Amino acid sequence: MAALCFHCGEACDKERIVHLEKNYCCNGCLQARLLIDNSILCAPDDENFAPQINNKRNWEELNIPSIANRFIIYEDAEVKHVRFTLSNIHCASCVFVLEHLHKIEPAILKTEVFFAEKSIRMVLRKDIPLSKVAKQLALVGYAPDIETVESTSNETEKIRKFRLRALVIAGFCFANIMLFSIPEYMDLEMKNDPSFVYFFRTINVLLSLPVFLYSSLEFYRGALSGIRNKFMHIDFPLVISLIMAYSRSIYEVLSKTGSGYFDSYSGIVFFMLIGRHFQDLRTDELGFAKSFKSYFPIVISTKKGNQFQNIPLAEVQENDEIEIHNLEVIPADGTLLSAEAELDYAFVTGESDHKDVLAGTRVYAGARNCSGSIRIRVEKVMEDSHLGLLWNKEARKEENTERQSFTHVVAKWFTLFLMLMSFGAFFILYPTNADKAFRALTTALIVACPCALLLSHTFTTGTALRLLAQGKLLFKNSFVLDKLATLQAFYFDKTGTVTNTHEVRVSYTGEALQPEEKNAFGELLAASLHPISQSILASFPRQEGSILTEFTETPGMGASGKVNGIFFELKKSTDAHGTDIWINGKWRGVFNLEFEIREGLKEMLKQLKSNYKLGLLSGDTNADDLRMRKLFPFGSELVYKLSPIEKANGISKMEESVRCAYIGDGLNDTGALQEASVGISVSDAHQRFTPAADILIPGEQLKYLPAIVAYAKACRRIVFMSFGLSLLYNVIGLSYALTGNLSPLVAAVLMPVSTFTIILFTSTATRNAYSRILLDKNHKRV
Amino acid sequence: MSVIYLLIGISLPLAMVFLIVFLRNAKRGQFDDLDTPAMRILFEEKPITQTEIKTEEQPK
């Protein structure tokens, strides 16, 4: 009688601990469960709470110094600090469990969780090996994610911190300057006393210095880079406005002719910085940070001398002999040394059928080994492998896209127009009335700031992207949203995109199985490691109490064993399309596996058909054509047996005439994702992986694609409307200013007022559109 | 009204002290994580019950 552990689900063979009528296979599991039970926030007795405890992995690779050093951030004589990324963190209860780990493992002194980053920092006793720590984390359900290559964006971090500081200082100065400008605006007795007036003006000058010298630095940098590289950078007119306003204000104070516009000046800087900071608030950039290296094992069993040792992947060289175990991914191009192997190339080509290869055949990086342990001689290391080269063609120049965007084009022309008009008015008025001329110039430049135009786009797309990210739709940047609104065609990949590789439909044809045979079969399936067995297992409940004996598994051929006296055999069918089941030597039937088509896809495609061209680009054979023809509306193009390069070429050809989106699962269609105007990567599992995609969408939301495109279009309309609004402000203000009659005071007030209304309008309109289009009734929840 | 010189002379430096304190602490990382401290206040410490833990050695 093998009881199953309540915590990890394994059989309790070595020892069995009973607590409150539940069985545990070891003390570790028991302690972990008790700790989790203490965290009241998640429902621990809920059957749906299955933290995927993996007790089998031993994390030995973390003990290799070069790999351990990736995670150790500080070390001294007594303690070491490590940082792990845990993708399973999702609620406050997770934080509780992790921060109380020190209760069940004394070598862990302290744990601090960073919820937004999904990472932890642990203070450990110096002597404890990292593999033990990782095992402990896995035991409570939060296995560390060590395959992810850290995206070191130190540069962007520094820029972000600087901008925040500049923002804070600008805000401080702005608020105080406004306070000290009150006497100017109000008719107070104070105004008659020149020493007071002078005092307040001096304070304003002093307070505006940090804004001029520190907070505006990033605008100066932008304008300078524009001048250096000979193009009209969007910050250039802004810098001109700022310098004009500031120098005019200083001049007025020094010559005692006025009080300047320090409040509007610092206000402009403050609001612009807020807009830029808002753009920085990108939620969850983790999805875009992973590189393809995270799919490969980090250590490879390599022959050194006469023995096989675990070597970090980066140190594997040409001509090394490596051993790849069952279900591991081959990390390099090479030649097969073992007699035969069964390989799954879905990663590389998208084909769902496995390939049987013999000794001497060329094998490629990215193939998953579905046989037992095989030996390979390395010919090309990962970076130079066929797959590595394909993936490394990712160099995309995104700065160019930004420069060509609509906003920048409009702002550029507007600026030129503005400069012309302002300086024109200045020179016209100067001969007759110098004072009025100056007034016209400065108020024109203050009032008609192109920054309102920029803010429209920034705030709209910034808000939109954040709302979308909350619904788990990740956009790479705001220009993707614009492009999404102007598409003309959608091309889909098949396996993993249109079909869901996590939902397998198992169909059985043959003689029906007796109830006792059904119950016993589950034991055999559970013991087998083959993915096919795992899929079939879903339909066969495991009974507690069945014992499996004489179990043998021949990877690539099948499995067999005796359960409760019945002898089962699972063998690959002779026509290789299914798996046969033999009971007690007699053939009983065959299992056929098919990936399910995602639900809602048919309706979605019908919706898209009215406005877009549709097509399917698949790497698989056309065996599935019938199902696909029923799914796609009449007139769609369905092409099969395409290699990743053929897909990329196909899309790039399409792009010559129509703007396409390509939707794939990102594994083998990097090229196509890059070539398309918009590359959308679909993913189901936690691991999100986008070498070249612009949008990441979870599998179950693919059917909402039409709504998402509708939202992108709505956002585009909102940007235009707010452009119109800010142009209105500008036209009215500008025409008045150019006559020289606009009081600088009014100009100074109009500036923040217009900025504020733009921000308010765009944020509310965007949010509104989101709830109208993407949240109604049965659509996505927030 | 000249008391205003004194008032401003005190309040402005005071405000600047706050600004400096904020900038210093932002540099030290106090504001890097704003979500997790909010969760920590919800934790309770229940004693782990040690009753009824029986261990058996399973025959191989």
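These exercises, each with a worked solution, concern a predicted model with chains A and B.

**Exercise 1. Compare the make-up of chains A and B.**

Task: State how many helices and strands each chain has, and what share of its residues is buried.

Solution.
- Step 1: Chain A holds 27 helices and 28 strands.
- Step 2: Of its 782 residues, 41% are buried.
- Step 3: Take the chain A contacts between residues at least 6 apart in sequence; 64% of them join residues at least 24 apart.
- Step 4: Chain B has two helices and one strand. Along the sequence they follow the pattern α-α-β.
- Step 5: Buried residues account for 0% of the 60 residues in chain B.

**Exercise 2. Lay out the seven-stranded sheet of chain A.**

Task: Give the strand order of the open sheet of seven strands in chain A, and find which strands stand at its edges.

Solution.
- Step 1: The order in chain A is β16-β28-β27-β26-β17-β24-β25, and the pairing is mixed.
- Step 2: The edges are β16 (474-475) and β25 (637-639) of chain A. Each has a single partner strand, so one side of each lacks a neighbour in the sheet.
- Step 3: At one edge, β24(A) (residues 613-617) pairs with β25(A) in the parallel sense, over three bridges. L617(A) has V639(A) in β25(A) as its bridge partner.

**Exercise 3. Place strand β17(A) within that sheet.**

Task: Identify the strands that pair with β17(A), and say which way its side chains point.

Solution.
- Step 1: β17(A) and β24(A) run parallel and share four bridges. F490(A) has L614(A) in β24(A) as its bridge partner.
- Step 2: Four bridges also join β17(A) to β26(A) (residues 660-664), again in the parallel sense. Here F490(A) stands opposite A661(A).
- Step 3: Recall the general rule: side chains of a regular strand alternate between the two faces of the sheet.
- Step 4: Apply it to β17(A) (residues 489-492). A489(A) and Y491(A) point one way, F490(A) and F492(A) the other, and all are buried.

**Exercise 4. Describe the surroundings of helix α18(A).**

Task: Work out how α18(A) lies against α26(A) and decide whether α18(A) is largely enclosed or open.

Solution.
- Step 1: Two packed helices are described by the angle and the distance between their axes.
- Step 2: The axes of α18(A) (residues 478-485) and α26(A) (residues 705-738) come within 8 Å and cross at roughly 105°. That angle makes the two helices roughly perpendicular, the range for this being 65 to 115 degrees.
- Step 3: From α18(A), the contact uses L481(A), D482(A), L484(A) and A485(A). From α26(A), it uses V709(A), A712(A), K713(A), C715(A) and R716(A).
- Step 4: Sort the residues of this contact: six are nonpolar, none polar and three charged.
- Step 5: Count burial in α18(A). Six of its eight residues are buried, so the helix is largely enclosed by the rest of the structure. The buried ones are S478(A), F479(A), V480(A), L481(A), D482(A) and L484(A).

**Exercise 5. Trace the partners of strand β15(A).**

Task: Find how β9(A) and β10(A) pair with β15(A).

Solution.
- Step 1: β9(A) (residues 321-324) pairs antiparallel with β15(A) (residues 374-380) over four bridges. E323(A) stands opposite R375(A).
- Step 2: β10(A) (residues 333-336) is also antiparallel to β15(A), with four bridges. L336(A) stands opposite I376(A).

**Exercise 6. Check a helix span and locate positive phi values.**

Task: Test the length of α8(A), then place K230(A), K256(A) and N319(A).

Solution.
- Step 1: α8(A) (residues 217-228) has 12 residues; at 1.5 Å a residue it should span 16 Å. The expected span is 1.5 Å times one less than the number of residues. The end C-alpha atoms are 16 Å apart, which agrees.
- Step 2: K230(A) follows α8(A) and has a positive phi near 60°.
- Step 3: K256(A), not a glycine, has a positive phi near 60°. It lies in the loop between α9 (235-254) and α10 (262-280) of chain A. It has 11 C-beta neighbours inside 10 Å and so counts as exposed.
- Step 4: N319(A), also not a glycine, has a positive phi of about 75°. Its loop runs between β8 (307-312) and β9 of chain A. With 8 C-beta neighbours inside 10 Å, N319(A) counts as exposed.

Definitions and conventions:
Residues numbered from 1 in each chain as written. Chains lettered and ligands numbered in written order. Predicted model: local features only at pLDDT ≥ 70, side-chain atom pairs only at ≥ 80, totals over all residues. Pairing = 2+ DSSP bridges. Buried ≥ 20, exposed ≤ 12 C-beta atoms within 10 Å, placed from the backbone. Contact = placed C-beta atoms within 7 Å. Axes fitted to C-alpha atoms, helices over the stretch in contact; angles between N-to-C directions. Parallel < 35°, antiparallel > 145°, perpendicular 65-115°, else oblique. Nonpolar A, V, L, I, M, F, W, Y, C, P; charged D, E, K, R; others polar.
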